[in-house]
Each structure stands twice: as C-alpha cells, then as structure tokens.
Amino acid sequence: MAVHPNQALFGGEKPFPVIPACEHFAGSEKLILKALSMQDPANPNGAGPVFDITCDCEDGAASGQEQAHAEMIVRILNSEANQHKMAGARIHDYTHPHWKKDIDILVGGAGQVLSYLTIPKCTDISQAQEMIAYIQQVAKQHGIEREIPVHLLIETHGALRQVHEIAQLPWLQVLDFGLMDFVSAHHGAIPATAMRSPGQFDHQLLARAKSEVVSAALANGVVPAHNVTLDLKNAEVTYSDAYRARNEFGFMRMWSIYPTQIQAIVDAMKPNFDEVSDAANILLTAQAADWGPIQYAGELHDRATYRYFWEVLQKAKQTGVAMPAEAETAFF
C-alpha cells in the first residue's frame, strides 16, 4: 500500500498549515453572500474555492448593532450558501465591550464550521492570551473538540515588540500584518504615501516590521499574511503588491477588500507550473521508493526536499494550478 506524504514525512509533528493564499474581507450580509457565491466554481464571475472569506464584526457592525451583526454571520455560516466551509470572522478588539459576546455568538452558534477567528489590535501578549483562552473556554462549553484556528493582527508597537512570543500562542494559524494602523501609530514619522507601493515595501520601518512578522510566523509554523492594497480596481497593482509580498518578504497569504483583487492575489501567490510538475514527479518517484532517497534529473532528493515539494503540491491544489493526473489521484 502506497504511503501518503502526510504519514511518511512528518512523523507525528505538526505540518505547516496549507490554507488559501487569499483572504477576502466582507462586512455586510450582502457582501458576505456575494463573496460566498464567488467561491462557487459554477459562477462565471467567481474565482472558485481558492480563497477564504473573513466576515467582519470589527468594521462591519454598526455601533449598537454588534449582536445582530454577529448573529447574522452565524446564520450565513450555517446556511447552504457556505458550501465550501471556507469562511471565518474578525471579532472586536480587546478594548471593545463586545469582544466576549462576539466569541459567545460565533463559537457558540457556528463553532463547527468557523474556519478561523481573527483578533485585531492587541497591544500586549496578555490581551491575546486572554482572548484565545476565552475562545477555548467557549468552545469547551459547547462541546466543540476541534481547535478553532486563530489569526492575530500585528498592527501596534506592542504586538510587533512581542511578535516572536505571540507567534508561539496556542491555536494560532496566521499572523496578519496591519499596515494602516501600524503607519498611523507612528504619528507622522511614516508618511501616508507608505500606505501604498512602493513605500510600503521600501520604507525602512515598514520593511523591518514586515520582515519581523514573517520571521516570527515561519519560525513557529504559522502562516504570515500581508496587508491590503488600497487601490481597489486596478488588478495589476494588486498583483504587483502580492508578488512583492510573496517573493521579497516571504508572505504566503494576502488580504483582499474588493472582488477584483481576489484572482490577482491568487495568481501572484501560486507556485510556478514547472515547479509543480517537478514536485509531482519527484513525489511520485519517492512514494514508489518507499520515501527513501532518489535521483531526479541528475539530482539527489530525500525527505528534506520531499517536504518542500509536498508543500508546493498542496499550494498548487489550493490555488488551482494544474498538476499531473497521477499525482492528483495519488495524493488528493
């Protein structure tokens, strides 16, 4: 019986999360439903199930309507519209009086289908610890045995200062970089032009911050996610930002805030087709050799490179890159 890469290559340790490269934010019922419809491969205007959707409580809920907004999200997540179960939610920050109620409603009402919960604006690790502990507590109260992945925004001086400790917190799956709030926190020392390219990549304070977030995330088996592109309708700008984020800084996921940004991000983040073909051939040969060392195109490959190429194949699957049919059958 052929052994699957997940069993052969990781030996009980936690594999690196392989999740969609694009995370699309939607704040209203209308926009959430539209985004969910775009995950449907049958939708001619959609991107297919290659992106996650973040249902936004923080910026989406009108003041005084926080409970109704969270309940609306639960209703949609439990509906047939959420056919791919690829949607999470961003809750209010630690200083907002409704953050616990957000968790009560979202975890209590949709904890089995919630892809993740995003925590914004922590200024100290103690806030993140308390919020994650509350998520765990509510999940236990409702008999939810799965870990609900937590995404945490690094957008304050305090969070960046403690980012390597934050990256070790339980249930953490993603570290997001929040550009706008981070720039604002510098009181004009970083100009507003740095909220766009090329400044967001070239300004030394921002380059340092992004590098620290990526370094902390990857060192702890967590996915680093890049901030939004403000230019909503120019797909070329979005593609360029996502490409630089991926290839110059190592980000493996990026936020979208407008439907036309989704495919541009996916295209910029997906692996090269030639590398996908090589990965498929190497892994098929390795599987036939019971995962011992092999030669491929005159080069030696073993478990170290197999792990790399297995992640390439999984990312190809997530981003819709075609792979040889034999590999699709053997591994997926």
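# Working through a barrel

Pro-198 sits in the loop between α8 (179–184) and α9 (199–202); helices here are DSSP runs of H or I with at least four residues, strands are DSSP runs of E with at least two, and both are numbered from the N terminus. The model is predicted, so local features need pLDDT of at least 70 and side-chain atom pairs count only at pLDDT 80 or more, while totals for chains, interfaces and linings use all residues. Residues are numbered from 1 along each chain as its sequence is written, and side-chain values use heavy atoms, with hydrogens and water left out.

**Exercise 1. Check the backbone around Pro-198, then look up Trp-171 and Ala-297.**

Step 1. Start with the peptide bond between Ser-197 and Pro-198: it is cis, with omega about 5°. Most residues other than glycine have a negative phi, and most peptide bonds are trans.

Step 2. Now the phi angles. Trp-171 isn't a glycine, yet its phi is positive, about 65°. You'll find Trp-171 in the loop between α7 (163–166) and β6.

Step 3. Ala-297 also has a positive phi, near 50°, without being a glycine. Look for Ala-297 in the loop between β9 (294–296) and β10 (299–301).

Step 4. Are these two buried or exposed? Buried means under 20% relative accessible area, exposed over 50%, and partly exposed in between, using a 1.4 Å probe and protein chains only. Trp-171 counts as buried because its relative accessibility is 17%. Ala-297 comes out at 70%, so Ala-297 is exposed.

**Exercise 2. Trace the barrel and see what goes on at β2.**

Step 1. In what order do the eight strands close? Go round as β1-β2-β3-β4-β5-β6-β7-β8, with parallel pairing. Two strands pair if DSSP finds at least two bridges between them. From one strand to the next, the twist averages 30°; angles run from 0 to 180 degrees between N-to-C directions, and axes are lines fitted to C-alpha atoms, for helices over the stretch in contact.

Step 2. Zoom in on two of the pairings. Five bridges hold β1 parallel to β2, and His-24 has Ile-53 of β2 as its bridge partner. Further round, β6 (172–177) and β7 (223–226) are parallel over three bridges, with Asp-176 partnered by Ala-225 in β7.

Step 3. How many residues of β2 are buried? Six of the six are, so β2 is largely enclosed by the rest of the structure. Sort them by face: Phe-51, Ile-53 and Cys-55 are buried on one side, and Asp-52, Thr-54 and Asp-56 on the other.

**Exercise 3. Work out how α4 and α5 fit together.**

Step 1. Get the geometry: α4 (99–110) and α5 (125–141) pack at about 35°, axes 9 Å apart. The crossing is right-handed, meaning the near helix is turned clockwise from the far one by less than a right angle (anticlockwise would be left-handed).

Step 2. List who touches whom. Contact means heavy atoms within 4.5 Å. From α4 come Trp-99, Lys-100, Ile-103, Asp-104, Val-107 and Gly-108, and they meet Glu-130, Met-131, Tyr-134, Ile-135, Val-138 and Ala-139 of α5.

Step 3. Classify them: eight nonpolar, one polar and three charged. The classes are Ala, Val, Leu, Ile, Met, Phe, Trp, Tyr, Cys and Pro as nonpolar, Asp, Glu, Lys and Arg as charged, and the others, Gly among them, as polar.

**Exercise 4. Find what covers α12.**

Step 1. In α12 (259–269), mark the buried residues: Gln-261, Ile-262, Ala-264, Ile-265, Val-266, Ala-268 and Met-269.

Step 2. Now look at the cover, which includes β1, α2 (29–38), β2, α11 (235–249), β8 (253–256) and α14 (303–319).

**Exercise 5. Place Pro-17 and count the disulfides.**

Step 1. Pro-17 is in the loop between α1 (5–10) and β1 (22–26). Its relative accessible area is 15%, so Pro-17 is buried.

Step 2. Skip neighbours within four places in sequence, and Pro-17 contacts Gln-173, Gly-221 and Val-223. Val-223 is 206 residues away along the chain, but the two C-alpha atoms are separated by 6.9 Å.

Step 3. How many disulfides are there? Zero, taking a disulfide as a pair of cysteine sulfur atoms within 2.5 Å. For Cys-22, the nearest cysteine sulfur belongs to Cys-55, 14 Å away. For Cys-122, the nearest is that of Cys-57, 16 Å away. Cys-22 is buried at 0% relative accessibility, and Cys-122 is buried at 0% too.
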